[in-house]
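This report goes through one protein chain, from overall figures to single residues and internal space. The chain is shown below.

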Amino acid sequence: MSSPGEFYNSLPPITKAYGTLCFFTTVATQLGLVAPVHIALIPELVLKQFQIWRLITNLFFLGGFSINFGIRLLMIARYGVQLEKGPFERRTADFLWMMIFGSFTLLVLSVIPFFWTPFLGVSLVFMLLYLWSREFPNANISLYGLVTLKAFYLPWAMLALDVIFGSPIMPDLLGIIAGHLYYFLTVLHPLATGKNYLKTPKWVNKIVARWRIGAPVASVRQAGGVGAAGPGAGGGVGGGGAYSSARAPPESSNTAFRGHHLTAAAIVGHDGSVWAQSANFPQFKGQEFSDIMKDFDEPGHLAPTGLFMAGAKYMVIQGEPGAVIRGKKGAGGITIKKTGQSCVFGIYEEPVTPGQCNMVVERLGDYLLEQGL
């Protein structure tokens, strides 16, 4: 059994930082070092007296020492950690951007008098809970040992308990709204339209890289033991099939070759030569690869017949004409991103979601495009 110090050190960076700030903010208020009113979100003081710090400090206050305070900290330690170590593993910049976007959304909502609340820390924690419930919808949760339910319904069950115990429900509702907005813009909308309007900004990636936050980025060979030939001396890929450290894919894309999220993955040149692939990536048969390339050149080519990989048929769903092809087959599917010289393939099965596969494949494809590949 690990010691408290070992447990704390094992926490992922963003969740650990946020939980620590929440804890010490409450400690400071309990010791009288700072009054809650001095860190609360009071729009008049922000706008008229330029007390800008209130836009940030209110996000770290979870209330005084109480059972509810302990529950909120445990929610950070469980749901925040599972998010950052699961769907956001090696995607520290994406997780940080999610927290920034959620905070900004909550602040904007608080401008509306009906939604205003002096402290948004509980709302931000509830947003983490909501997103966790969407990423792990089928997990079984025991609610205080009284009832077992699917994780998908957990936010609403917690909201109902707050109503029963007389706690304010507005912070919970704000968290659900912010969480659903993020999930809609990053998963549901891209899946339906093929367009992601909430990609992590470059400045967030630069912050993470500058301060070396999170796990170091692994090369393709390290990530999944992928062995393949590079595209040639002029292609910018190191010999032996592994990317050089200077060209290592961004951390948000490495998951495709770690075997953690995707069933199989590969990078294939436009001429059909394999640059890199996982051991279980299916082999093309006949004209399958040619048909895929033709669909990029003539969008809609595969729609009548479907997309075939090693004889397996995928129903083609909406992608990005000339750039991304998406297919569904039962509970799984495939995403293909075309770059300047290659195509990135990602195949997934449950419990991986289409949105997770899209993000992994398309981020790696975007990186290759930036490198001229």
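Helices and strands are DSSP runs, of at least four residues for a helix and at least two for a strand, numbered from the N terminus. With these terms, Pro351 is placed in the loop between strand E9 (342–348) and helix H13 (354–370). The peptide bond that joins Glu350 and Pro351 is cis, with omega about 10 degrees.

**Overall figures**

The model is predicted. Its protein chain has a mean pLDDT of 84, and 87% of the residues reach 70 or more. Residues 216–260 have a pLDDT below 50; in the model this stretch still has 98 contacts beyond near neighbours in sequence.

The protein chain contains 13 helices and nine strands. It has 373 residues, of which 50% count as buried. Among contacts with a separation of 6 or more, 61% are between residues 24 or more positions apart. The exposed area of the protein chain is about 17500 Å², and 64% of this comes from carbon and sulfur atoms.

**Annotated spans**

An unreviewed UniProt entry lists residues 17–43, 55–76, 96–129, 141–161 and 173–192 under "transmembrane region". How much helix and strand does the model have over residues 141–161? That span is 38% helix and 33% strand, with its end C-alpha atoms 15 Å apart. Residues 55–76 are 59% helix and 0% strand, and here the end C-alpha atoms lie 21 Å apart.

**Ser123**

Ser123 sits in helix H7 (residues 121–135). Is Ser123 buried or exposed? Ser123 counts as buried because its relative accessibility is 0%, and the cut-off for buried is under 20%. Apart from neighbours within four places in sequence, the contacts of Ser123 are Leu106, Pro171, Leu174 and Gly175. Between the C-alpha atoms of Ser123 and Ile169 the separation is 9.7 Å, for residues 46 positions apart along the chain.

**Positive phi values**

Two loop residues with positive phi are set out here.

| Residue | Phi | Loop | Relative accessible area |
|---|---|---|---|
| Phe50 | near 55 degrees | between helix H3 (43–48) and helix H4 (54–57) | 62% |
| Ala310 | about 55 degrees | between strand E5 (307–309) and strand E6 (312–320) | 25% |

Phe50 is not a glycine, yet its phi is positive. Ala310 likewise has a positive phi without being a glycine. Why is Phe50 classed as exposed? Phe50 is exposed because its relative accessible area is 62%, where the class requires over 50%. Ala310 has 25% relative accessibility, so this residue counts as partly exposed.

**Cavities**

The count of cavities of 30 Å³ or more is two. The largest cavity holds about 110 Å³ of space. Which elements supply at least two residues each to its lining? Helix H9 (170–193) and H13 do, and H13 gives the most, with six residues. The residues lining the largest cavity include Thr186, Val187 and Pro190, along with Gly355, Asn358, Met359, Glu362, Arg363 and Asp366. Asn196, Lys199 and Arg326 also belong to the lining.

Methods. Residues are numbered from 1 along each chain as its sequence is written. This is a predicted model: local features need pLDDT of at least 70, side-chain atom pairs count only at pLDDT 80 or more; totals for chains, interfaces and linings use all residues. Side-chain values use heavy atoms; hydrogens and water are left out. Buried means under 20% relative accessible area, exposed over 50%, partly exposed in between (1.4 Å probe, protein chains only). Contact means heavy atoms within 4.5 Å. Accessible areas come from the Shrake-Rupley method with a 1.4 Å probe; for residues, only the protein chains shown count as cover. UniProt positions are given in the numbering used here, feature names are shortened, and annotations may be inferred rather than shown by experiment. pLDDT is the predictor's confidence in each residue, from 0 to 100. On a 1 Å grid over the protein atoms alone, a cavity is a set of points where a 1.4 Å probe fits but cannot get out, and a pocket is an open set with protein on both sides within 12 Å along at least five of seven lines; lining residues have an atom within 4 Å of a point. Grid points are joined across faces, edges and corners, and a volume is the space filled by probe spheres set on the points.
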